[in-house]
Amino acid sequence: MGEVKTAIGLMSGTSMDGIDVALVRTDGETFVERGPFLGVPYDPAFRDRLKGTLEDAKAIVDRSERPASLASVEYELTLRHAEAVRRFLEVNRLSISDIDVIGFHGQTVLHRPDQALTVQIGDGRLLARETGIAVVYDMRANDMLHGGQGAPLVPAYHAALAAGFGERRGAVSFVNIGGISNLTYIGREGEIVAYDSGPGNTLIDQWVETHAGIPFDQGGMIASEGRVVPDLAERYLQSPFFTDEKRRSLDRNDFLPPQGADAELSDGARTLAYVAAAAIVKSAGHLPELPVSYVVCGGGRLNRVLMQDLRDLAALQGATVVSAEEAGFDGDAMEAEAWAYLAVRSLAGLPLTYPGTTGVREPVGGGLLIDPLLDIARD
Ligand SMILES: Nc1ncnc2c1ncn2[C@@H]1O[C@H](COP(=O)(O)OP(=O)(O)OP(=O)(O)O)[C@@H](O)[C@H]1O
Ligand SMILES: CC(=O)N[C@H]1[C@@H]2OC[C@@H](O2)[C@@H](O)[C@@H]1O[C@H](C)C(=O)O
């Protein structure tokens, strides 16, 4: 076993709903001890500012550019992450000396894998100074430099969790249904295949926000009153994304929400929940073999309509669907835990991504390390 470190992972995902904070003790390999989790939601005003950065980010050509609102939002986002860490430490009666490293994702504001361009705002140096803890950040860039899609990165962590499953009857898949969904296949011999599997909650969120003024369809309540509009569903599911030879990673804006005329409120929510479920099963057709079970994490597992659709579609392939909690995990904490795990791998010089996960040419490491002591000494 390698050296066990205590790491905090920080994730602000595509849904832009808040900061997830999780603690993991790990050697970056098979030893994983999951610790506490804290979700710190954004207030609506900051969420709107964050969403505004997506428009401004479209002008970026070089990933170091911070046009228009980006510099000020990056600064505020980083301070909010520092505050989230302080609150997490306080609630869990921990001190900074208990933590070896923070894995900092930041906020993706632009992702164009075809141009090898991915931009996460979040200032690692400022976070290290504010918290007094070493920070590993910018973990996607090196993958892209080596021909990878820059996402998903969580699969290495899924594989570490699956190593604890023991004897299995077949392949298992982890599915993260966040703003976008992604899929990790772990074969019986531990082989990993992973990719983004399609739109997740973002389309649903955008739909109910525009037509009902609410940020998400809690529990799938709105969807439960509607019916699937087949033409609308097919419009999404016929996308070349699902049939192209190559698995591509997605930008939040790759799939756009329906127009108001496309459906009534509840039919739209129902259809988009179905699309999220069907996208996963359709994308699973590119796996080496169909999994016998899907373990679902991310906020989408709380949408009952989406989950029932996924269960029904998976059953047609003889597969079962369980929530992360049913498998013994925390479906809200998974991505933040993964960023903690990846930070420890980064410190140990271990690969973060593999040809089977991002299409990278060979297994590569990644991440930039800021040690607050060295950084302050240099100033
Ligand atoms: N109780 C709930 N009922 C239905 N949907 C929910 C519920 N809670 C959260 N969600 C959905 O989950 C989304 C957040 O999911 P999550 O935090 O997994 O996404 P993310 O991490 O931001 O995205 P990604 O994984 O793409 O980076 C919300 O935007 C909402 O659509
Ligand atoms: C560029 C980017 O931020 N991609 C996210 C997004 O959200 C879900 C899906 O698309 C996934 O591939 C990725 O995040 C997860 C945490 C990952 O890299 O594994």
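## A tour from ligand 1 to the strands

Select E335 and ligand 1 to begin, where an oxygen atom of ligand 1 lies 2.7 Å from an N or O atom in the side chain of E335, a polar contact here being a pair of N or O atoms within 3.5 Å, with the further demand within protein that one atom be able to donate a hydrogen and the other to accept it, and that residues adjacent in sequence count only if both atoms are side-chain atoms. Taken alone, ligand 1 exposes 650 Å², of which the protein buries 86%, the accessible areas coming from the Shrake-Rupley method with a 1.4 Å probe and, for residues, with only the protein chains shown counted as cover.

Before going on, note that this is a predicted model, in which local features need pLDDT of at least 70 and side-chain atom pairs count only at pLDDT 80 or more, while totals for chains, interfaces and linings use all residues. Residues are numbered from 1 along each chain as its sequence is written, chains are lettered from A and ligands numbered from 1 in the order in which they are written, and side-chain values use heavy atoms, with hydrogens and water left out.

**Around ligand 1**

Stay with ligand 1 and add N201, whose side chain has an N or O atom 3.4 Å from an oxygen atom of the ligand; then add L302, where a polar backbone atom is 3.4 Å from a nitrogen atom of ligand 1. Widening the selection to the whole shell gives 21 residues, of which T14, S15, D205, G219 and E335 come nearest, a residue being near a molecule or strand if one of its heavy atoms lies within 4 Å of it. Coloured by class, this shell divides into four nonpolar, 13 polar and four charged residues, where Ala, Val, Leu, Ile, Met, Phe, Trp, Tyr, Cys and Pro count as nonpolar, Asp, Glu, Lys and Arg as charged, and the others, Gly among them, as polar. Coloured by domain, it draws at least three residues from each of domain 1 (5–147 + 361–378) and domain 2 (155–323), with bounds that come from an automatic or database domain assignment.

**Ligand 2**

Next select ligand 2 with D196, in whose side chain an N or O atom is 2.5 Å from an oxygen atom of the ligand. T108 has a polar side-chain atom 2.6 Å from an oxygen atom of ligand 2, and for T14 the corresponding distance is 3.3 Å. Taken alone, ligand 2 exposes 430 Å², and the protein buries 96% of that.

The full selection around ligand 2 holds 16 residues, the closest being T108, R140, L153, V154 and D196, and they divide into seven nonpolar, six polar and three charged. Show the secondary structure as well: β4 (101–112), β8 (180–186) and α11 (334–347) each supply at least two residues of this shell, and β4 gives the most, with three. Helices (H or I, at least four residues) and strands (E, at least two) are DSSP runs, numbered from the N terminus. Because domain 1 and domain 2 both give residues to the shell, ligand 2 lies between them.

**Strands β8 and β9**

From D196, extend the selection to strand β9 (residues 192–199), which is largely enclosed by the rest of the structure because seven of its eight residues are buried, that is, under 20% relative accessible area, with exposed meaning over 50% and partly exposed in between (1.4 Å probe, protein chains only). S197 is in β9 and is buried, with a relative accessible area of 0%. Strands β8 and β9 pair in the antiparallel sense over seven bridges, pairing requiring that DSSP find at least two bridges between two strands. One place to look is T184, whose bridge partner in β9 is A194. The hairpin has five residues between the strands, and G190 takes a positive phi near 90°.

**Strands β1, β2 and β3**

Now move to β2 (residues 18–26), a mostly covered strand with seven of its nine residues buried. Strand β1 (residues 5–12) runs antiparallel to β2 and is joined to it by seven bridges, with A7 opposite V24. On the other pairing, eight bridges join β2 to antiparallel β3 (residues 32–41), where G18 stands opposite P41.

**Backbone details**

Finish with M16, in the loop between β1 and β2, which has a positive phi of about 60° although it is not a glycine and is buried, with a relative accessible area of 0%. A116, also not a glycine, has a positive phi of about 50°, but is partly exposed at 44%. The last stop is the peptide bond from A151 to P152, which is cis, with omega near -5°.
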